[in-house]
Amino acid sequence: MEQLELLPEHERRELVESLVVGEFRSALFMTDDEEFPLDVGFLDLGLTSLRLSEVKLSLERRLGREISTAALFGHPTAGQLIDHLCA
């Protein structure tokens with residue numbers, strides 16, 4: 001993932017979105033055919049703070065960068081988190 005910054009912006013966003021949505025789908029035990037809402041809050045989706053921390057750690061490993069807890073709670077939907085990670 002260290003080459004993430006070298007990708008064109010639209011490809012980087014697609015990759016980040018795919019990773020983020022994949023991690024949240026997994027945490028929520030969703031299948032690939034279920035639509036994942038990018039605009040619904042993490043807690044409203046049913047994630048606990050512990051499970052959200054696990055998703056955060058997994059995303060950090062996969063993206064090769066730290067995601068602050070403040071950023072995670074300051075961007076409380078997958079769409080907002082993706083925007084933050086791509087900024």
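The side chains of glutamate 60 and lysine 56 meet in a salt bridge, with 2.8 Å from N to O. Both residues belong to helix H2, where they sit four residues apart, about one turn of the helix. Are these two charged residues buried or exposed? Glutamate 60 has a relative accessibility of 14% and counts as buried, and lysine 56, with a relative accessible area of 13%, is buried as well. The cut-off behind that label is a relative accessible area under 20%. Please keep in mind, as you look around, that this is a predicted model.

Helix H2 offers another pair to look at. Glutamate 54 forms a salt bridge with arginine 51, and their closest N and O atoms are 2.6 Å apart. These two are three residues apart in helix H2, so about one helical turn separates them. Here the surroundings are more open to view: glutamate 54 is partly exposed, with a relative accessible area of 36%, and arginine 51 is partly exposed too, at 27%.

How many salt bridges does the structure hold? There are four, and one of them reaches across the chain. Arginine 13 pairs with aspartate 83, the closest N and O atoms lying 2.8 Å apart. Because arginine 13 lies in helix H1 and aspartate 83 in helix H4, this pair ties together parts that are 70 residues apart in sequence. Both partners are partly exposed: arginine 13 has a relative accessible area of 30%, and aspartate 83 has a relative accessibility of 42%.

Now step back to the whole chain. The secondary structure comes to four helices and zero strands, and from the N terminus on the elements run α-α-α-α. The radius of gyration is 12 Å, close to the 12 Å that the globule rule gives for 87 residues, so the chain is as compact as a globular protein of that length. Along the principal axes, the C-alpha atoms fill a box of roughly 35 × 30 × 20 Å. Contacts across the sequence add to this picture: among those between residues at least 6 apart, 52% join residues at least 24 apart.

What about the inside and the outside? Of the 87 residues, 37% count as buried. The chain exposes about 5400 Å², and carbon and sulfur atoms supply 51% of that area.

In soluble globular proteins, nonpolar side chains tend to be buried together. In this model, the largest nonpolar core has 22 residues, and those with the most contacts inside it are Val16, Val20, Phe24, Phe42, Leu59, Leu63 and Leu81. The elements that give two or more residues to this core are helix H1 (9-27), helix H2 (49-63) and H4. Which of them provides the largest share? That is H1, with six residues.

Phenylalanine 42 is a good place to explore the core from. Leaving aside residues up to four places away in sequence, Phe42 touches Phe24, Leu47, Leu52, Leu72, His75, Pro76, Thr77, Ala78 and Leu81. One of these neighbors, leucine 47, has its place in the loop between H1 and H2. Leucine 47 counts as buried, at 5% relative accessibility. With the same sequence neighbors left out, leucine 47 touches Phe24, Ala27, Leu28, Phe42 and Leu52. The C-alpha atoms of leucine 47 and phenylalanine 24 are separated by 9.0 Å, while the two residues are 23 apart along the chain.

The loop between H1 and H2 also holds phenylalanine 29. Where leucine 47 is buried, phenylalanine 29 counts as exposed, at 72% relative accessibility. Its backbone deserves a look as well. Most residues other than glycine have a negative phi. Phenylalanine 29, although not a glycine, has a positive phi of about 55°.

Finally, a word on confidence for anyone planning to work with these coordinates. The chain averages a pLDDT of 91, and 98% of the residues score at least 70. Which helices mark the lowest and highest confidence? Confidence is lowest in helix H3 (residues 69-74), at a mean of 91, and highest in helix H4 (residues 78-86), at 95.

Technical notes:
Residues are numbered from 1 along each chain as its sequence is written. This is a predicted model: local features need pLDDT of at least 70, side-chain atom pairs count only at pLDDT 80 or more; totals for chains, interfaces and linings use all residues. Side-chain values use heavy atoms; hydrogens and water are left out. pLDDT is the predictor's confidence in each residue, from 0 to 100. A nonpolar core is a set of buried Ala, Val, Leu, Ile, Met, Phe, Trp, Tyr and Cys residues joined through side-chain atoms within 4.5 Å. Buried means under 20% relative accessible area, exposed over 50%, partly exposed in between (1.4 Å probe, protein chains only). Contact means heavy atoms within 4.5 Å. The radius of gyration is taken over C-alpha atoms; the globule rule is 2.2 Å times the number of residues to the power 0.38. Accessible areas come from the Shrake-Rupley method with a 1.4 Å probe; for residues, only the protein chains shown count as cover.
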